[in-house]
Amino acid sequence: MERSDSHSTESPNWWQSGVVYQIYPRSFADSNGDGVGDLQGIRSRLDYLEWLGVHVLWLSPVFRSPMRDFGYDVSDYCDIDPVFGTLADMDALIADCHARGIRLMLDWVPNHSSSDHPWFVESRRDRTNPKADWYVWRDEPVNNWLAAFPAGDRAWSFDPGREQWYLRCFLPEQPDLNWDNPDVEAAMHETLRFWLDRGVDGFRMDVVHLIGKQLDANDPDTAVERGYSHVTFNDVPVTHERLRGIRRVLDSYAGDRACVGEVYLLDEARMAEYYGHGDELQLSFNFSFLWAEWDAAILRAKVLATLNHLRPRNAWPTWVLSNHDVTRHRQRYGGSEAVARMAAVMLLTLPGTPFLYMGEELGLVDAEVPPDRVVDVDGRDGCRAPLPWTPTPDHGWPHDPWLPFVAAADECNVATLRERPGSVLHLYRDLLRLRHEHPELQIGEFTMIERDDNVLAYERSLGDRIFTIALNLSDSPSRLEIASDHRVLLATVPFDPSMPFDGMLPPQSALISTGT
Ligand code: TEU
């Protein structure tokens with residue numbers, strides 16, 4: 001058994017002990033019947049989220065936007081898009097969440113704005129206006145970088161007005177802000193203050209590792225030939241200085257305001273740098289883990305690599321398997337409900353903060369989106385399908401939603417699964433409750449149990465109390481060495497809680513046992 005203790009902490013912060021639930025607002029709940037989810041819709045469903053037991057909400061962007069990237073193209077950082085509601089609705093949502101003890105994080109998009117943002121409208125007018133240097137303008141492209149989308153595009157677009165090229169690591173309508181300009185940095189800090197003053201608890205920060213760039217550094221030719229975008233290569237020292245500036249803004253507020261960065265680097269060592277020395281991001285996503293195969297040896301290696309790089313920095317890990325950009329993990333892992341259940345046990349018991357993506361608690365896979373209903377430039381519509389609330393044909397949506405429902409919505413919906421004890425929804429709820437009740441599962445030491453088969457097993461402990469978590473990813477039963485006083489607390493297959501645990505793990509199952 002190799003010990004690989006995570007650091008523990010006596011009184012964890014909310015962003016360490018909590019579980020974050022990502023809402024993609026367009027697809028969560030529609031209050032006004034326009035087919036798009038909105039803030040009042042979220043307010044009306046807080047009972048459900050409280051019943052489920054999540055403690056933190058992260059909303060994908062709800063700011064004013066022409067929606068070419070469905071909100072990740074912001075035209076006003078300090079207002080709510082009318083499709084989602086009003087500033088008053090946001091104030092009411094913040095108040096409602098806080099009244100229930102739920103924290104609220106918004107999604108801040110610092111690398112680029114919309115081309116409709118007044119800053120860019122002014123910047124592109126000519127080469128001498130006051131905002132001329134707020135975006136990245138050059139007489140010609142100065143590197144070989146590719147944009148994230150449309151796939152294969154150069155990261156530079158020509159503007160016929162200025163007769164110059166501007167950098168855009170995403171759509172042409174998402175010009176990159178020039179963070180080398182201190183006025184841009186100050187203006188972006190103001191946008192944070194705007195929301196912090198209104199009481200939000202923190203931010204998810206979109207591609208935040210892109211706010212520093214070295215324009216004269218080309219990406220590897222081989223990567224460009226294969227069509228890889230610049231996003232996963234961008235990693236330069238100046239970004240860290242800027243993250244410290246952002247952190248100072250957060251820390252100037254009372255109430256433990258926090259951020260989680262979307263650091264899209266597929267390498268744990270480089271990702272770990274973005275925590276700084278307790279003075280940059282409090283949390284960073286871990287995409288290397290998200291993209292790992294469903295294989296015990298691979299998952300074990302990814303977990304240990306993550307902890308090995310974060311532990312020396314006293315940095316707190318995050319675990320995420322699904323979000324609004326990727327095929328849902330149930331589908332990526334082969335599609336069975338057994339796998340969805342095992343993944344839930346893992347996600348909610350690893351040492352660090354778990355991020356759930358709305359609908360994974362229903363065991364959703366992606367929707368099939370017919371070609372005439374495709375709206376996203378990067379093929380991401382399937383994981384953004386509307387959340388089915390009821391088994392009725394409208395699935396609780398007052399109007400046909402903007403994207404089709406998942407095929408299994410008649411079965412996989414909130415109302416049906418809530419009424420069914422033992423459903424995957426109840427499993428998530430039981431896991432959240434167990435985690436909430438037992439500090440061992442939040443801040444306990446972590447010890448990996450080394451094995452040479454397709455079983456992922458580890459312990460979480462505080463003092464004498466030990467929780468053993470085991471996932472048998474194989475198709476045959478497997479035995480776990482276990483102390484004789486262990487009892488099963490939770491399992492993804494039926495079990496008898498009154499019986500001592502004999503150590504046998506059924507195939508394709510996961511369990512949590514405890515003893516002293
Ligand atoms: O995603 C960053 C990112 O790298 C993705 O574009 C990813 O490469 C792609 O989705 C894979 O298909 C963030 C947001 O999460 C995403 O929704 C935005 O489109 C993007 O930034 C631009 O803001």
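Two strands count as paired here if DSSP finds at least two bridges between them. Keep that in mind for the first stop, and remember throughout that you're looking at a predicted model.

**Stop 1: the parallel sheet.** Select Trp-108 and Met-205. Trp-108 has Met-205 in β9 as its bridge partner. Now widen the selection to residues 103-108, which is β5, and residues 202-205, which is β9: the two run parallel and share four bridges. Zoom out and you'll see they belong to an open sheet of eight strands with parallel pairing, in the order β11-β10-β9-β5-β2-β1-β13-β12. Want to find its borders? Pick β11 (283-284) and β12 (318-320), the edge strands, each of which pairs on one side only.

**Stop 2: the largest pocket.** Select Ala-148, Phe-149, Ser-229, Tyr-264 and Asp-378. Out of 28 lining residues, these are the closest to the centre of the largest pocket. The volume of this pocket comes to about 610 Å³. What sort of residues make up the lining of the largest pocket? Colour by class and you get 13 nonpolar, seven polar and eight charged residues.

**Stop 3: two helices side by side.** Next, show residues 337-347, helix α13, together with α15; their axes come within 10 Å and cross at roughly 10 degrees. Angles under 35 degrees count as roughly parallel, so α13 and α15 are roughly parallel to each other. Turn on side chains to see who touches whom: α13 brings Glu-337, Arg-341, Ala-344 and Val-345, while α15 brings Val-424, Leu-427, Tyr-428 and Leu-431. By class, that contact has six nonpolar, no polar and two charged residues.

**Stop 4: the antiparallel sheet.** Leave α15 on screen for later and bring up the open sheet of five strands, ordered β14-β15-β16-β20-β18 and paired in the antiparallel sense. At its edges sit β14 (445-449) and β18 (487-491), each pairing on one side only. Ignoring direction, neighbouring strands in this sheet are turned by 25 degrees against each other on average.

Go inside the sheet by selecting residues 465-472 (β16) and 509-515 (β20), an antiparallel pair with seven bridges. Which residue of β20 does Thr-468 stand opposite? Click across from Thr-468 and you land on Ser-513.

Last, back to α15: select residues 424-437 and you'll find this helix packing on the sheet, where it touches β18 and β20. The direction of α15 makes about 130 degrees with that of β18.

How values were computed
Residues numbered from 1 in each chain as written. Predicted model: local features only at pLDDT ≥ 70, side-chain atom pairs only at ≥ 80, totals over all residues. Heavy atoms only, no water. Axes fitted to C-alpha atoms, helices over the stretch in contact; angles between N-to-C directions. Contact = heavy atoms within 4.5 Å. 1 Å grid on protein atoms, 1.4 Å probe; cavity = no way out; pocket = protein on both sides within 12 Å on 5 of 7 lines; lining within 4 Å. Points joined across faces, edges and corners; volume = space filled by probe spheres on them. Nonpolar A, V, L, I, M, F, W, Y, C, P; charged D, E, K, R; others polar. Parallel < 35°, antiparallel > 145°, perpendicular 65-115°, else oblique.
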